[in-house]
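Good morning, and thank you for coming. Please have the sequence and the structure open in front of you while I go through a few elements in turn.

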Amino acid sequence: MKKRVLFFGVMALLVSAALCGCSGGKSTEASKPVKNSSEEAPAGSAAVSGMTGTAEAAEPAHGGSAVVGVTHELVSLDPHQSTDARTRSVVFNLYEGLVKPDPDGNLIPAVASDYEISDDATVYTFTLRDGVKFHDGTTVTAEDVKYSIERYAEIQGESSAFSVFDHVEIPDEKTVEIYLKEGYSEFLPEITFGIIPRSNPDPEKNPVGTGPFCFVSYTPGQKLEVERFGDYWQEGLPYLDHVEFKITADADTAFMELQAGTIDILDFLTGAQAKAAGEGCQILEGTQNMVQGMFLNHSYGPLSSLKVRQAVCYAVNKEEINQFLYDGRSYLIGSHMVPRLVRYYEPASEALYPYDMEKARELLAEAGYPDGFDLEIVATTASTQYMDAAQIIADQLSRVGIRAMIRPVEWSTWLDEVYRGRQFQATVVGFDGTLAPNYWMMRYTTGHSKNFMNYSNAEYDETCQKALMTVDDKEKAELYKRCQMILAEDAESVFIQDPANYVAVNRRLGGYVFYPLSAQDMSVVYEK
């Protein structure tokens, strides 16, 4: 058995530069725009100079409350059903897994205090932390953990990373062993999902976890209220007594509420919004660790042609989008991977489609569309960045004869019609992921439930499967890089950027930190 200390459990996945959370410490200068290179990851969080100031030094204190703006409806409060990034960022406060991520991309102790992985990566053994309690006051048991793992595996299904899951054993009351059908070295980041009590038959209506906050009430489409969990295992946390996640489906409306002071924290602001937020806010800057792009449905006639998709890629000016939305501070990408997963990121994909209108027109003509074609772009009103990007892209495509029209929809409609129903031609959206590289790449395999683009490539399928199965990390990295190049060469979609993330935080609050995945960690936020 290989012993792995939890703080270094994902060293193979660590980023080249840690995210630097702004926690009410010293003033810090804005980070410079990041150049695209294989040796430099996007800048960490910093207060943005020339906007609304920086966090002021203050000692964390207990008490108080905060209102967090959420511009998407919550899909489910059941942690095993929560699939979209925004929902996961909220329920992060209610639930914890055996391990959980920290702001630097490490997996740190949570319900488990230690773990071991067999040499062939087929057995993962966890030692449970003493005295961890659920919100209902009961103590977490090995049976609860076993139940949670088996339930999550069943819900995720065979098309997920849990296709390699075999069974769970409990050697004693403090130990849980997860057995896999075959070696899988990326399994640890997959088990950050929430541990729940087996005695709770309906976690959707009665959310009970081990997180720093416990459930108070939920009004769909309006708000989720949580309160401090007094028996939380991590001493001293959380600081706030009460947090409200206020749901406002329209991003522009949420921004106006931020300016009016009825929302204290709002993320994913554009550069223009960050500058207009008002003196009552401090603006913090991080990265979204997200693949933002215009995703193409390969089942739509013109887009089934490689040359047409390549033409679309050449016609989109990524830098123009970056400058307009984020003051040039995003990281421009060329495939479906974020630069922070440095070991697995393929920078060569960035160079395939430089902005070239003449090349776009030439390819369209060769494909049989000399006069262009009609293209409907779906974008959700829940995100200003998606709507604005769609507008810019539509204008850019018009310059090469592609007649693009934008169809705005609410987030729930996007999930039903585009993501699940696959009834679309193109859509502007962003996808986050976990610390496991396969999470980013597997969605493009033929027949995968998340492959809403209807993409299929036999070489990609074979390469991705090899990467998933190998326990040799060097080989794994090369295989995933090849996967990225296949997507880029196929012009699978228009991969644009890992966007800058401007977050507005009310000046009376401190402690906000950024994570390398979706997480609004309110346990470390405090009133000054």
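Helix α6, residues 318–326, lies across three strands: β15 (291–296), β16 and β20 (494–498). The angle between α6 and β20 is about 35°. I should say at once that we are looking at a predicted model.

A further helix, α8 (residues 384–398), lies across β15, β17, β18, β19 (426–431) and β20. Relative to β17, helix α8 runs at about 165°.

How are the strands beneath these helices ordered? Six strands form an open sheet, in the order β16-β20-β15-β19-β17-β18, and the pairing is mixed. At the edges stand β16 (331–332) and β18 (403–409); each has a single partner strand, so one side of each is left without a neighbour in the sheet. As a reminder, strands of a sheet pair through backbone hydrogen bonds, either parallel or antiparallel. The pair formed by β17 (residues 374–380) and β18 is parallel and extends over seven bridges. Within that pair, Leu375 stands opposite Ala404 of β18.

I now turn to β14, residues 281–287. Is this strand covered or open? Strand β14 is mostly covered, with seven of its seven residues buried. In general, the side chains of a regular strand alternate between the two faces of the sheet. In β14, Cys281, Ile283, Glu285 and Thr287 point one way, Gln282, Leu284 and Gly286 point the other way, and all are buried. The partner to note here is β21 (residues 500–506), which runs antiparallel to β14 and is joined to β14 by seven bridges. Ile283 stands opposite Ala504 in β21.

Finally, helix α3, residues 251–260. Which of its residues are buried? They are Ala251, Ala254, Phe255, Glu257 and Leu258. Viewed down the helix axis, the buried residues of α3 fall within an arc of 160°, so they line one face of the helix. Met256 and Ala260, on the other side of α3, are exposed. The cover over the buried residues includes β12 (242–247), β13 (265–269) and α4 (271–276), together with β14, α8 and β21. Two elements already discussed, β14 and α8, are thus part of what covers α3.

Both ends of this helix deserve a word. The N-terminal end of α3 is capped by Asp250, with a side-chain oxygen 3.1 Å from the backbone nitrogen of Asp252. Just after α3, Gly261 adopts a positive phi of about 90°.

Thank you; I am glad to take questions.

Terms used:
Residues numbered from 1 in each chain as written. Predicted model: local features only at pLDDT ≥ 70, side-chain atom pairs only at ≥ 80, totals over all residues. Heavy atoms only, no water. Pairing = 2+ DSSP bridges. Helix = DSSP H or I, 4+ residues; strand = E, 2+ residues; numbered from the N terminus. Contact = heavy atoms within 4.5 Å. Axes fitted to C-alpha atoms, helices over the stretch in contact; angles between N-to-C directions. Buried < 20%, exposed > 50% of the residue type's maximum accessible area, 1.4 Å probe, protein only. Arc of directions from axis to C-beta. Polar contact = N/O pair within 3.5 Å; in protein donor to acceptor, adjacent residues only side chain to side chain.
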